[in-house]
Amino acid sequence: MALADSLWRPALVLAVFFAAWWFVAAREYVPNYLVPTPGQVWETMTSQWSELARHTLVTLYETVLGFVLAAALGLITAVAIAYSRTLDKALYPIVLFAQVIPKIAIAPLLVVWFGLGLTPKIILAVLIAFFPVVISGVAGLRSTDPELLDLAATMGAGPWRTFRKIRFPNALPHLMAGLKVAVTLAVVGAVVGEFVGASEGLGYVLLLANGNLDAPLLFADLILMSAIGIVLFVLVEIAEALLIPWHASRRAGVSLTTS
């Protein structure tokens, strides 16, 4: 019942969206070569499913691997920044500089350096997903109540024990919020990487559909990209519910917020 209560509203919004889409496309208020009908998109997905599934798995692999690496590197960087004032001043500007560089601009350079394989796509996914993990991790680690830290030090807890028992659990709500942002951005990074020098993946299919003016394939590809992001977001949401059931947002039954 709780699941149904949380899903009926977005399901209603999607139903209205698809009804409006079908109405506009069926009446040809916009030409079908620009906006196909839902039936045409569904027919394309079913007739080319084996090929689309193969490309989807490629993009999913790049996204998941890029996200995992970004989460690990981001957490390590956040801990270094939060614990060391020197590293804070040294690393924080570099992290910000790396974030503001347009990733599409460096994609060709990564292809030149690392070839046409999966490596450039994974690196782009890491670069795009890295920043929110660092920012949320630093915010969470620095939000620990100083009185708790003083109490832990008074009771003889060392830095590692304090981190494991106090700092990290306290930072989890912030960190999980950053991870939910990062996992959706990782999809963007993987697809952007596939725009340059790829021979497989949903980004590659998107370029083919756009070049051939194949609107049904283009829409089917966009739906699959969205599905990857939604599924991964839900998995992170489930992990959040398991890791921090004690947090106020979880107790209040709010599923998409962490603070």
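The following paragraphs lead from the overall architecture of this protein to selected helices and residues. The structure is a predicted model, and the values discussed were computed from its coordinates.

The protein has 11 helices and zero strands. Read from the N terminus, its elements therefore form an uninterrupted α series, α-α-α-α-α-α-α-α-α-α-α. Along the principal axes, the C-alpha atoms fill a box of roughly 70 × 50 × 30 Å. Of the 259 residues, 37% count as buried. Among contacts with a separation of 6 or more, 69% are accounted for by residues 24 or more positions apart. The protein exposes about 14,500 Å², of which carbon and sulfur atoms supply 73%.

Helix α2, comprising residues 38-47, shows how burial can be distributed around a helix axis. Its buried residues are Val41, Thr44 and Met45. Viewed down the axis of α2, these buried residues fall within an arc of 100 degrees, so they line one face of the helix. An α-helix has 3.6 residues a turn, so residues three or four places apart point the same way. On the other side of α2, Trp42, Glu43 and Ser47 are exposed.

Helix α3, which spans residues 49-83, contains Glu62. This glutamate is buried yet has no salt bridge. The nearest side chain of opposite charge is that of Lys121, 5.6 Å away; a salt bridge requires a side-chain nitrogen of Lys or Arg within 4 Å of a carboxyl oxygen, and therefore the pair does not qualify. Leaving aside residues up to four places away in sequence, Glu62 touches Leu118, Lys121, Ile122, Ala125, Ala190 and Glu194. Lys121 is thus both a contact of Glu62 and the nearest side chain of opposite charge to it.

Toward the other end of the numbering, Leu213 lies in the loop between α9 (202-211) and α10. Its phi is near 55 degrees, a positive value in a residue other than glycine. Most residues other than glycine have a negative phi. At 66% relative accessibility, Leu213 counts as exposed.

Helix α10 covers residues 215-243 and includes Ile238. Together with Ile230, Val231, Val234, Leu235 and Leu242, Ile238 makes a nonpolar surface patch of about 580 Å². Ile238 has a relative accessible area of 44% and is therefore partly exposed. Membership of a patch requires over 30% relative accessible area, so Ile238 can belong to the patch although its value does not reach the range called exposed, over 50%.

Definitions and conventions:
Residues numbered from 1 in each chain as written. Predicted model: local features only at pLDDT ≥ 70, side-chain atom pairs only at ≥ 80, totals over all residues. Heavy atoms only, no water. Patch = residues over 30% accessible without salt bridge, like charges linked within 9 Å, V, L, I, M, F, W, Y side chains within 5 Å. Areas by Shrake-Rupley, 256 points an atom, 1.4 Å probe, with all protein chains shown as cover. Helix = DSSP H or I, 4+ residues; strand = E, 2+ residues; numbered from the N terminus. Buried < 20%, exposed > 50% of the residue type's maximum accessible area, 1.4 Å probe, protein only. Arc of directions from axis to C-beta. Contact = heavy atoms within 4.5 Å. Lys, Arg positive; Asp, Glu negative; His and termini not counted.
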